[in-house]
Amino acid sequence: PYVDRVYDAAEDTFLLMDALEFDAMLLKERNATDINPIAAQCTIETAKLNQMPHCEVVITDLASCMIDRMAESVDVLLFNPPYVVTPSAEVARSGIEASWAGGKDGREVMDRLFPMVPKLLSPKGLFYLVVIKENNPDDIIHAMKTIGLFGKVILSRKAGHEKLFILRFDKHNSSC
C-alpha cells in the first residue's frame, strides 16, 4: 500500500543503520517525525513488526512541534533528509518527491532543521545526518560548529552516482 507514496529504504538508509550499530544501546525509546502521514503509518507498522512497542510517530514538519516538549532530552537524533539538488520549487511539494527534493545545494530542508538540533540534544546527545557530496559536508560541519555542535564524517560510501556520508555531531567534541 506504500508503493509510490513512501521513500523505499535504499543505500542511504543502510549506511545510516551501519553507523548506528555502535550506539544501539542508546536507542531504547523511539520517537519519529514525518511530514508524510503515509510514511508515519509505515513507520508505526515497521516498529510493530520489529517488536519495538515504544515508538511514537508525530506528523509534523521536521521537529518544530517537539522543541518545547523534548528540549535538551534527545540522546540520539537521526536525520535522513531530502538531500538531492533540485529546483527550490520541488521542495514545497507534498508528493513522493518531497522525500528527496532538497532544493539549492540539496540543503534547503536540512538547513531549516540545524538551528533546532542544539535545542533538542541532551548534553550527551548525538546527531546523525545523511548527506551527499553535493551538500558540501565540510561546510555543514563548519556551520554546525558556529551553533555549538562539533562534527565529523564517520562513514562514507559510493552508491551509484552518489557519494554518501554520515556525519555525527555532539555538544562536547567527544565524537570528533
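This report describes one open sheet, the helix packed on it, and several individual residues in a predicted model.

**The sheet**

Four strands form an open sheet in the order β3-β4-β6-β5, and their pairing is mixed. The edge positions belong to β3 (74-79) and β5 (150-159); each has a single partner strand, so one side of each is left without a neighbour in the sheet. From one strand to the next, the twist averages 15 degrees. Strands of a sheet pair through backbone hydrogen bonds, and this pairing can be parallel or antiparallel. For β5 and β6 the sense is antiparallel, with 9 bridges between them. Within this part of the sheet, lysine 158 stands opposite lysine 163 of β6. Helix α6 (residues 137-145) packs on the sheet, where it touches β4 (121-132), β5 and β6. The direction of α6 makes about 15 degrees with that of β6.

**Glutamate 162**

Strand β6 covers residues 162-170 and includes glutamate 162. Glutamate 162 is buried but has no salt bridge. The nearest side chain of opposite charge is that of lysine 158, 8.9 Å away. A salt bridge would need a side-chain nitrogen of Lys or Arg within 4 Å of a carboxyl oxygen, so the distance of 8.9 Å to lysine 158 does not qualify. The side chain of glutamate 162 does make a polar contact, at 3.5 Å, with the side chain of tyrosine 83. Apart from neighbours within four places in sequence, glutamate 162 is in contact with Tyr83, Val84, Ile132 and Arg157.

**Valine 130**

Valine 130 is placed in strand β4. Its relative accessibility is 0%, so valine 130 counts as buried. Valine 130 and asparagine 80 are 50 residues apart along the chain, yet their C-alpha atoms are separated by 5.0 Å.

**Two residues with positive phi**

Most residues other than glycine have a negative phi. The table lists two residues that have a positive phi although neither is a glycine.

| Residue | Phi | Loop |
|---|---|---|
| Glutamate 72 | about 50 degrees | between β2 (55-59) and β3 |
| Asparagine 136 | about 65 degrees | between β4 and α6 |

Is asparagine 136 buried, exposed or partly exposed? With a relative accessible area of 38%, asparagine 136 is partly exposed, because that value lies between the 20% limit for buried and the 50% limit for exposed.

Terms used. Residues are numbered from 1 along each chain as its sequence is written. This is a predicted model: local features need pLDDT of at least 70, side-chain atom pairs count only at pLDDT 80 or more; totals for chains, interfaces and linings use all residues. Side-chain values use heavy atoms; hydrogens and water are left out. Helices (H or I, at least four residues) and strands (E, at least two) are DSSP runs, numbered from the N terminus. Buried means under 20% relative accessible area, exposed over 50%, partly exposed in between (1.4 Å probe, protein chains only). Lys and Arg count as positive and Asp and Glu as negative; His and the chain ends are not counted. A polar contact is a pair of N or O atoms within 3.5 Å; within protein, one must be able to donate a hydrogen and the other to accept it, and residues adjacent in sequence count only if both atoms are side-chain atoms. Contact means heavy atoms within 4.5 Å. Two strands pair if DSSP finds at least two bridges between them. Axes are lines fitted to C-alpha atoms, for helices over the stretch in contact, and angles run from 0 to 180 degrees between N-to-C directions.
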